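Trainee: May we go through this model together and examine what justifies each term used to describe it?
Mentor: Certainly; please put the structure before us.

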Amino acid sequence: MLYSLTRPLIFRLEAEKAHNLALSAMALLPAGTPAAPDPMLRCCIAGIDFPGPVGLAAGFDKDGLIAHKMHHFGFGFAEIGTLTPLPQSGNPRPRLFRLSDERAVINRMGFNNQGQIAASRRIASMRREGRVIGLNIGANKDSTDRIADYVSGVRTMAPLADYLTINISSPNTPGLRTLQGREALNELLRAVTAARSADVAAPIFLKVAPDLAPADIDDIARCVIDHRIDALIVSNTTISRPPMRSPLAGEAGGLSGAPLHDLALTRLRDFRAALGPELPLIGAGGIATADQAYARIRAGASLVQLYSAMVFEGPGIAARINKGLKALLRRDGLSNISQAVGMDAPRP
Ligand SMILES: Cc1cc2nc3c(=O)[nH]c(=O)nc-3n(C[C@H](O)[C@H](O)[C@H](O)COP(=O)(O)O)c2cc1C
């Protein structure tokens with residue numbers, strides 16, 4: 001309600017300025033204490049007790065400023081990052097574009113962030129009880145050894161993470177997505193799982209692009225199983241461009257929001273089929289309603305994440321999706337969200 005009143009003003013601002021303003025406003029909220037989890041929505045994935053299945057996707061809170069406050073809006077978890085070992089300024093501005101008619105966003109931010117050391121100080125002092133906070137790590141643009149960047153990221157961030165996400169799917173760091181290829185991915189996952197020490201056993205999630213051919217999907221699925229990765233996030237933004245009317249559609253970068261919805265759902269189904277029913281999946285891409293979140297869960301996701309829909313609908317979108325999910329569970333005679341996971345996935 002409040003957001004629909006302020007949105008015309010916010011949308012007059014250049015997109016990145018509006019984003020920074022939203023972060024500053026959220027930073028004014030008290031950390032607070034999360035309400036007791038709803039028994040219909042709480043779920044356990046990769047050994048983590050999630051208060052709810054709707055998470056804030058990476059990229060909104062790159063530096064760990066407000067992740068611990070997102071429970072106020074109904075988010076069951078929040079992912080900070082992508083954080084790189086060294087601070088970096090990212091690509092020249094403008095680099096963030098709202099395509100309002102399409103309910104879409106194009107970004108070529110390029111991992112702008114204050115670096116893992118600055119973020120880890122902040123995250124270490126965050127109130128954490130009742131919250132699940134994931135830390136998403138990447139490689140610096142100028143790195144000469146990208147795998148070493150992920151290894152040092154695991155070492156620095158694992159002690160502070162409920163889970164770690166290895167992000168190899170941003171289209172805005174040239175060459176990063178080549179780490180999704182079979183040999184590079186094997187080498188990367190071998191190195192990062194070895195870097196996770198026995199006493200800091202944070203689960204490791206891998207985040208993939210939606211722009212993958214069937215052979216890539218099979219290769220990634222094999223690597224994920226071989227290296228015992230704990231969950232797969234499907235997906236990051238797309239470099240493809242479904243038909244769109246907005247003149248901004250030609251901007252370079254990753255596309256997210258409504259036009260990504262169908263592709264991300266298809267990829268989730270592909271990975272569910274390639275991996276079998278066991279490995280947890282987290283669905284992201286174009287989710288804006290409870291029906292869409294529920295469909296992603298029924299297709300095989302244990303959790304969902306969103307970012308772009310929040311730009312258009314405001315942060316209260318998480319609470320609205322939670323309410324809708326509970327109504328859908330009741331309609332289907334289910335008492336907990338985990339009972340819906342994979343209901344529509346073909347049986348092996
Ligand atoms: C402005 C912007 C910045 C993003 N930055 C990151 C990032 O740093 N790391 C990452 O893993 N994903 C990043 N993402 C991708 C989102 O986490 C998410 O996977 C994608 O946007 C699809 O979800 P959505 O359609 O709900 O936005 C970013 C997305 C947007 C819109």
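The discussion below concerns a predicted model and takes up the overall fold, the ligand site and several individual residues.

Trainee: What makes the protein chain as compact as a globular protein of that length?
Mentor: The chain holds 10 helices and 13 strands. Its radius of gyration is 19 Å, and the globule rule gives 20 Å for 348 residues; the two values are close, so the chain is as compact as a globular protein of that length. The C-alpha trace spans about 50 × 50 × 45 Å along its principal axes.

Trainee: How much of the protein chain is buried, and which share of its contacts joins residues at least 24 apart?
Mentor: Buried residues account for 58% of the 348 residues. Of the contacts between residues at least 6 apart in sequence, 73% join residues at least 24 apart. The accessible surface of the chain is about 14,500 Å², and 56% of it belongs to carbon and sulfur atoms.

Trainee: Why is V192 called buried?
Mentor: Its relative accessibility is 0%, and the term buried applies under 20%; V192 therefore counts as buried. The residue belongs to helix α5, residues 182-195. Beyond its neighbours within four places in sequence, V192 is in contact with Y150, V151, V154, I166 and I204. G254, by contrast, is 62 residues from V192 in sequence, and the two C-alpha atoms are 26 Å apart.

Trainee: Why is A46 called partly exposed?
Mentor: The relative accessible area of A46 is 29%. Partly exposed covers the range between the 20% limit for buried and the 50% limit for exposed, so A46 counts as partly exposed. A46 sits in the loop between β1 (43-45) and β2 (48-50), and has a positive phi of about 55° although it is not a glycine.

Trainee: What makes R103 partly exposed?
Mentor: At 35% relative accessibility, R103 falls into that class, since the value lies between 20% and 50%. R103 is in the loop between β5 and β6, and its phi, near 55°, is a positive value in a residue other than glycine.

Trainee: Which peptide bonds are cis?
Mentor: One is the bond from G81 to T82, with omega near 15°; T82 lies in strand β4. Another joins R93 and P94, with omega of about 0°, and P94 lies in the loop between β4 and β5 (96-99).

Trainee: Which residues are closest to the ligand?
Mentor: The ligand is surrounded by 23 residues, of which A58, T82, K207, G286 and S308 are the closest. By class, the shell comprises seven nonpolar, 14 polar and two charged residues.

Trainee: How do you know that K62, G286 and Y307 make polar contacts with the ligand?
Mentor: The cut-off for a pair of N or O atoms is 3.5 Å. A polar side-chain atom of K62 lies 2.9 Å from a ligand oxygen atom. A backbone N or O atom of G286 lies 2.7 Å from an oxygen atom of the ligand, and for a backbone N or O atom of Y307 the distance to a ligand oxygen atom is 3.0 Å. Each pair is therefore a polar contact, being within 3.5 Å.

Trainee: How much of the ligand does the protein bury?
Mentor: Taken alone, the ligand exposes 600 Å², and the protein buries 98% of that. The elements giving two or more residues to the shell are β4 (77-83), β6 (104-107) and β11 (254-257).

How values were computed: Residues are numbered from 1 along each chain as its sequence is written. This is a predicted model: local features need pLDDT of at least 70, side-chain atom pairs count only at pLDDT 80 or more; totals for chains, interfaces and linings use all residues. Side-chain values use heavy atoms; hydrogens and water are left out. A residue is near a molecule or strand if one of its heavy atoms lies within 4 Å of it. A polar contact is a pair of N or O atoms within 3.5 Å; within protein, one must be able to donate a hydrogen and the other to accept it, and residues adjacent in sequence count only if both atoms are side-chain atoms. Accessible areas come from the Shrake-Rupley method with a 1.4 Å probe; for residues, only the protein chains shown count as cover. Helices (H or I, at least four residues) and strands (E, at least two) are DSSP runs, numbered from the N terminus. Ala, Val, Leu, Ile, Met, Phe, Trp, Tyr, Cys and Pro count as nonpolar, Asp, Glu, Lys and Arg as charged, and the others, Gly among them, as polar. The radius of gyration is taken over C-alpha atoms; the globule rule is 2.2 Å times the number of residues to the power 0.38. Buried means under 20% relative accessible area, exposed over 50%, partly exposed in between (1.4 Å probe, protein chains only). Contact means heavy atoms within 4.5 Å.
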